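Hi everyone, thanks for coming. I'd like to walk you through one model today, so please have a look at the screen.

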Amino acid sequence: MTTQIQSSSITVAGSALPAMPWEERPTGSNAAVWRYSGNPIIPANLLPNSNSIFNSAVVPFNGAWAGVFRCDDKRHQMNIHAGFSDDAINWRINAETITFACDDPEIGRLAYRYDPRVVWIDDRYYVTWCNGYHGPTIGVGYTYDFRTFHQLENAFLPYNRNGVLFPRKIGGKFAMMSRPSDNGHTPFGDMFYSESPDMEHWGHHRFVMAPAGGWQSTKVGAGPIPIETSEGWLLIYHGVITQCNGFIYRFGAALLDLEQPWKVIARTGSYLMGPEAEYERVGDTSNVVFPCAALVDAPSGRLAIYYGAADTVVGLAFSTVDEIVDFIKADPL
């Protein structure tokens, strides 16, 4: 891994992460997002009983790295596990699933959990995930140490997916993106913004964006935690097209207004990255790249994007805030 630093011309809110993973763009490539040469970084069988490990979230933690990982076991039970790393590439994932302390057994009862996101807000790490409660909805919890976890009320009624929190309060309220869905493999989907005074009662729902043709014609959904920049909130999102052999998942990006994030400033017309490598094309669900986390080094604007590949393994890709913003502006929807 090289560690060359380049400065960003766009101001990025956040911390310096000089030790985060980074690899220079391959010689001869002009791609706005490029894959790590050591992909996939997490194999399907890392745990003794795992069928697949994908769609997972990582954050800086105590001078190293921690995360919450989707691990489907050999019964194909969908659940989430905590994990730790010294370099954010090689991961030690707990074999035991996360157990949440919950005041209400009605909410704490396990059906399934998948596709987590993690974000630091105020004084703790909040975790959101797709939670099984009479269908998929948005589970919400928090942790201070990735060892003890507390579960709060579900954010919304079923059916909903892709609950992604903003990394700070907006107008004094917690803020979240989500995609209302159905009880199956949703063949539709618009993104919405919601806010809460207490991380329990959610309202002021606002429409953000809908599918828009081509690679994002079936559904769209928020990916990693939005990144605050001087150009607006940089949102990396997935888009899906339905073709004769099924869904294909790719990802693009959008800029949202900083104080009214339901207002889209600009959005990619072309996708940033789609399934090309064999581990993205072939797996439990073929032709999927699904981003769930991004580390950003604020001074340089470097990005390390973690994504699920073919619903089977975890891949890592790189870019910069400047690169993606330029891509959006050069090829807007």
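Let's begin with strands β3 and β4: β3 covers residues 64-73, β4 covers residues 78-85, and 8 bridges join the two. They run antiparallel. If you want one pair to find on your screen, take G67, whose bridge partner in β4 is G83. Please keep in mind that this is a predicted model.

Now, which sheet do these strands belong to? An open one of 4 strands, in the order β2-β3-β4-β5, with antiparallel pairing. Why do β2 and β5 each have one side without a neighbour in the sheet? Because β2 (50-61) and β5 (91-93) stand at the edges, each has a single partner strand, and that leaves one side of each unaccompanied within the sheet. From one strand to the next, the twist averages 30°.

Let's zoom out to the chain. In it we find 22 strands and 3 helices. The radius of gyration is 18 Å, close to the 20 Å that the globule rule gives for 333 residues, so the chain is as compact as a globular protein of that length. Taken along the principal axes, a box of roughly 55 × 45 × 45 Å is filled by the C-alpha atoms.

And what about burial? Of the 333 residues, 58% count as buried. The accessible surface of the chain is about 13,100 Å², and carbon and sulfur atoms account for 50% of that.

One last number, on contacts: if we take those between residues at least 6 apart in sequence, 53% join residues at least 24 apart. Thanks, and I'm happy to chat!

Notes
Residues numbered from 1 in each chain as written. Predicted model: local features only at pLDDT ≥ 70, side-chain atom pairs only at ≥ 80, totals over all residues. Heavy atoms only, no water. Pairing = 2+ DSSP bridges. Axes fitted to C-alpha atoms, helices over the stretch in contact; angles between N-to-C directions. Rg over C-alpha atoms; globule rule 2.2 N^0.38 Å. Buried < 20%, exposed > 50% of the residue type's maximum accessible area, 1.4 Å probe, protein only. Contact = heavy atoms within 4.5 Å. Areas by Shrake-Rupley, 256 points an atom, 1.4 Å probe, with all protein chains shown as cover.
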